[in-house]
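Biologist: Mind walking me through this one? I'd like to start with the ligand and then look at the backbone.

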Amino acid sequence: MQIGIDRIHFATASQAFDLKDLAEARSVDPDKYTIGIGQDKMSMAGEDEDIVTLGANAALPIVEGHEGSIDALLFATESSVDQSKSAGVHVHELLGLNSRCRVVELKHACYSGTAALQMAVGMVARNPKQSVLVIASDIARYELESPGESTQGCGAVAMLVKANPSILAIEPDSGLHTQDVMDFWRPNYSDTAMVDGKYSAKVYLDSLKHAWLHFQEVSGMVISDIQHFCYHLPFTKMAEKAHARLLKVNKTDHPKIESLKATLQYNRIVGNSYTASLYIGFCSLLDNAKEDLANQRVGFFSYGSGCVAEFFSGLIQPGYKERLLTESHQNALSARRTIDYPEYLALYKTQHHSDGQDFESRPMTQGQFRFSGIKDHKRLYERNESSEG
Ligand code: HMG
């Protein structure tokens, strides 16, 4: 029996900030961002957008009409809004899912989306009648004027995991690598990540090598068995470095780095979305590849700082194209409102609520759900009446 991704859809914020404007504000050559880092824009969450609304917006088109048949919702994030309650329970309510549903939040940096996906596969293997909704949702935030600032962004991806999936059958073997390192972390008292940027890129690349070697050992596959590669995407240049490293480890120059192009298109204008990033890259491949991907194998490299890494593979299913939500992705990306530097700064400052005060958000989102504010320490969510959908 095959198990994997039956539907996939992503959502991002309704605002975008151009990295050329950030470069001007920071007196940096814009080519450093657009060429050196490989990013053109970052999505910027509005006052009424957070990981819950992004996650619910990502999931809505794939659960609408099937609300009663979701058996579990696994919510992966490292931008948690509560230390106790799972963000998934807010999403469960917004989507109107069946109360006979298991909901939990998972964490390990950018890796937990993959942990959730593999756990979902395990749950379906145990009971093939089950449908498991995986949501990975994050807002990437660094200190203003730090090297990481240009790699911010946000987004959420939702994947429905079932037996006999329509889009991707996930293969059973995984290559793993875990090591206790401090390359990127966020202590409970900080609302931005601490990062040793250059070191994090080194650990990412070393982890890729170890996870790949383990994958080869357990699967018996060689690099030429894989037609497409999706890498975790903190910024698009990182995937190019990763692929170059993989080619070097395998002493080959094929498939060429240019073959990654379709996987990078969305992330280049969304920015880092931590747990969601790898899977937005997969959506980008599905939506933007010129060729028919049916029956082709995709290799996925998932990396979470700290660090946990996994390399796994999947086979794209015949007929996958009819199940894609390409138009929804492209419309949402092009409908984002471009913000200027003063608005970027203002939104950056209102994103986090650590003072315990009541808060009422101004309407900004074009999504179906909004975070309306905080009252008596409770986060409040509602349907967005002004959304066109
Ligand atoms: P930096 O140190 O300011 O940048 O920030 P740099 O000086 O290394 O320059 C970047 C690249 O631009 C270099 O290219 C320069 O040569 C080039 P490279 O040598 O790397 O090929 N450059 C130019 N190119 C063209 N025209 C120019 C120009 N100027 C320079 N004029 C850094 C870079 C990645 C360190 C920073 O953005 C950062 O700290 N980012 C956050 C950490 C990160 O994303 N790490 C990636 C690996 S870890 C990971 O992926 C996990 C993560 O997602 C978190 C999680 O798991 O939860 C982050």
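Biologist: Which residues come nearest to the ligand, of the 28 around it?

Modeller: Keep in mind that this is a predicted model. Being counted around the ligand takes a heavy atom within 4 Å of it. Of the 28 residues that qualify, the nearest are K32, E78, C110, K198 and K241.

Biologist: How far is the polar side-chain atom of K241 from an oxygen atom of the ligand?

Modeller: K241 is one of the residues that come nearest. A polar contact needs N or O atoms within 3.5 Å. For K241, the distance from its polar side-chain atom to a ligand oxygen is 2.4 Å.

Biologist: And how much of the ligand's accessible area does the protein cover?

Modeller: On its own, the ligand has 1100 Å² of accessible area. The share of this covered by the protein is 75%.

Biologist: Which side chains have an N or O atom 3.0 Å and 2.8 Å from a nitrogen atom of the ligand?

Modeller: Both distances fall within the 3.5 Å limit for a polar contact. The 3.0 Å pair involves the side chain of D29, and the 2.8 Å pair that of S200.

Biologist: Which element gives the largest share of the shell around the ligand?

Modeller: The ligand sits in the second largest pocket. Elements giving two or more residues to its shell are α2 (30-37), α6 (197-219), α7 (236-249) and β12 (297-304). The largest share is 5 residues, and it comes from α6.

Biologist: Which domains each give at least three residues to that shell?

Modeller: By type, the shell has 12 nonpolar, 9 polar and 7 charged residues. Its contributors of at least three residues each are domain 1 (3-168 + 324-387) and domain 2 (176-317).

Biologist: On to the backbone. Which residue pairs does a cis peptide bond join?

Modeller: Most peptide bonds are trans. One exception leads into P255, in the loop between α7 and α8 (261-264), and another into C307, in the loop between β12 and β13 (308-316). Omega is about -5 degrees for H254 and P255, and also about -5 degrees for G306 and C307.

Biologist: What is phi of K251 near?

Modeller: K251 is in the loop between α7 and α8. Most residues other than glycine have a negative phi. K251 has a positive phi, near 50 degrees.

Methods: Residues are numbered from 1 along each chain as its sequence is written. This is a predicted model: local features need pLDDT of at least 70, side-chain atom pairs count only at pLDDT 80 or more; totals for chains, interfaces and linings use all residues. Side-chain values use heavy atoms; hydrogens and water are left out. A polar contact is a pair of N or O atoms within 3.5 Å; within protein, one must be able to donate a hydrogen and the other to accept it, and residues adjacent in sequence count only if both atoms are side-chain atoms. Accessible areas come from the Shrake-Rupley method with a 1.4 Å probe; for residues, only the protein chains shown count as cover. On a 1 Å grid over the protein atoms alone, a cavity is a set of points where a 1.4 Å probe fits but cannot get out, and a pocket is an open set with protein on both sides within 12 Å along at least five of seven lines; lining residues have an atom within 4 Å of a point. A molecule sits in a cavity or pocket if more than half of its atoms lie within 2 Å of its grid points. Helices (H or I, at least four residues) and strands (E, at least two) are DSSP runs, numbered from the N terminus. Ala, Val, Leu, Ile, Met, Phe, Trp, Tyr, Cys and Pro count as nonpolar, Asp, Glu, Lys and Arg as charged, and the others, Gly among them, as polar. Domain bounds come from an automatic or database domain assignment.
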